[in-house]
Amino acid sequence: MNHDDRPLVIVSNRGPAQFARDAEGSRENLRKAEVLLEELVSRDAHNTEFLQELSNVYDRKADILSQLNPNYTEALLLNRKSLEISEMLVRVEPFNTRFRRGVAVSHYRIAELSEKMGDLKVALDSSRKALAIFTELSAQDPKNDEFRQTGATTQAVVSEILIKTGRAAESIEL
């Protein structure tokens with residue numbers, strides 16, 4: 001797994017004040033990266049590396065917002081911006097596994113936030129989309145443990161949401 005694809009995990013044995021300062025520094029760095037990358041994309045809208053990095057910045061900002069505040073609404077908007085970019089990248093390079101994985105991860109993050117916000121319909125729809133992509137990626141590369149593990153995790157999320165929506169029987173069929 002490449003550094004840009006890993007989910008944000010914050011581990012700290014520092015106190016809350018230090019943690020808040022570190023998070024604020026991260027937000028400021030991400031804000032600067034976002035401004036720079038948006039400028040680069042405005043100059044070269046077809047540069048897939050700039051676009052993917054911008055998508056990653058949106059995801060990282062969304063992670064911080066949803067974990068610290070939690071500001072789910074703004075985080076969800078950022079994840080949707082990331083999804084939009086990822087889907088465009090897949091249209092440009094439909095067989096690029098990294099871009100396809102980006103679409104699946106965006107759907108997964110949207111599902112997580114939507115579930116936290118109580119929108120189980122969107123959560124179920126997004127988690128199913130993520131599961132379909134991870135299942136497809138795993139079938140194409142059956143030795144890739146990350147795809148298999150992420151697909152299994154996503155399948156569990158789909159099952160949990162189905163149970164929450166009163167559709168437990170469907171969850172058994174997954």
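User: Which elements are included in what covers the buried residues of α5?

Analyst: In this predicted model, the buried residues of α5 include Ala123, Leu124, Ala130, Leu131 and Ile133. Serines also belong to that set, among them Ser126, Ser127 and Ser138. The cover over the buried residues of α5 includes α4 (97–116) and α6 (145–164).

User: Is Leu137 of α5 buried or exposed?

Analyst: Leu137 lies in helix α5, which comprises residues 120–140. A residue is buried when its relative accessible area is under 20%. Leu137 has 1% relative accessibility, and therefore counts as buried.

User: What is the C-alpha to C-alpha distance between Leu137 and Phe147?

Analyst: Leaving aside residues up to four places away in sequence, Leu137 touches Thr97, Arg100, Arg101 and Phe147. Leu137 and Phe147 are 10 residues apart in sequence. In space, their C-alpha atoms are separated by 6.5 Å.

User: Which residues does Phe134 touch, not counting those up to four places away in sequence?

Analyst: Phe134 is one of the buried residues of α5. What covers those buried residues includes α4 and α6. Beyond four places in sequence, the residues that Phe134 touches are Arg101, Ala104, Val105, Phe147, Thr150, Gly151 and Thr154.

User: Which residues touch the most other members of the largest nonpolar core, and which elements give two or more residues to this core?

Analyst: In soluble globular proteins, nonpolar side chains tend to be buried together. The largest nonpolar core here has 36 residues, and those touching the most other members are Leu54, Ile85 and Phe134. The elements that give two or more residues to this core are α1 (16–43), α2 (48–68), α3 (72–92), α4, α5 and α6.

User: What distance separates the end C-alpha atoms of α5, and why does it agree with the expected span?

Analyst: Helix α5 has 21 residues, and at 1.5 Å a residue it should span 30 Å. The expected span takes 1.5 Å times one less than the number of residues. The value from the model agrees with this because the end C-alpha atoms of α5 are 30 Å apart.

User: How many helices does the protein chain have?

Analyst: Along the sequence, the chain follows the pattern α-α-α-α-α-α-α. It has 0 strands. The number of helices is 7.

User: Where does pLDDT stay under 50?

Analyst: The mean pLDDT of the protein chain is 88, and 88% of its residues reach 70 or more. For the segment in question, the model has 20 contacts beyond four places in sequence. The segment where pLDDT stays under 50 is residues 1–12.

Notes
Residues numbered from 1 in each chain as written. Predicted model: local features only at pLDDT ≥ 70, side-chain atom pairs only at ≥ 80, totals over all residues. Heavy atoms only, no water. pLDDT = per-residue confidence, 0-100. Contact = heavy atoms within 4.5 Å. Helix = DSSP H or I, 4+ residues; strand = E, 2+ residues; numbered from the N terminus. Buried < 20%, exposed > 50% of the residue type's maximum accessible area, 1.4 Å probe, protein only. Core = buried A, V, L, I, M, F, W, Y, C linked by side-chain atoms within 4.5 Å.
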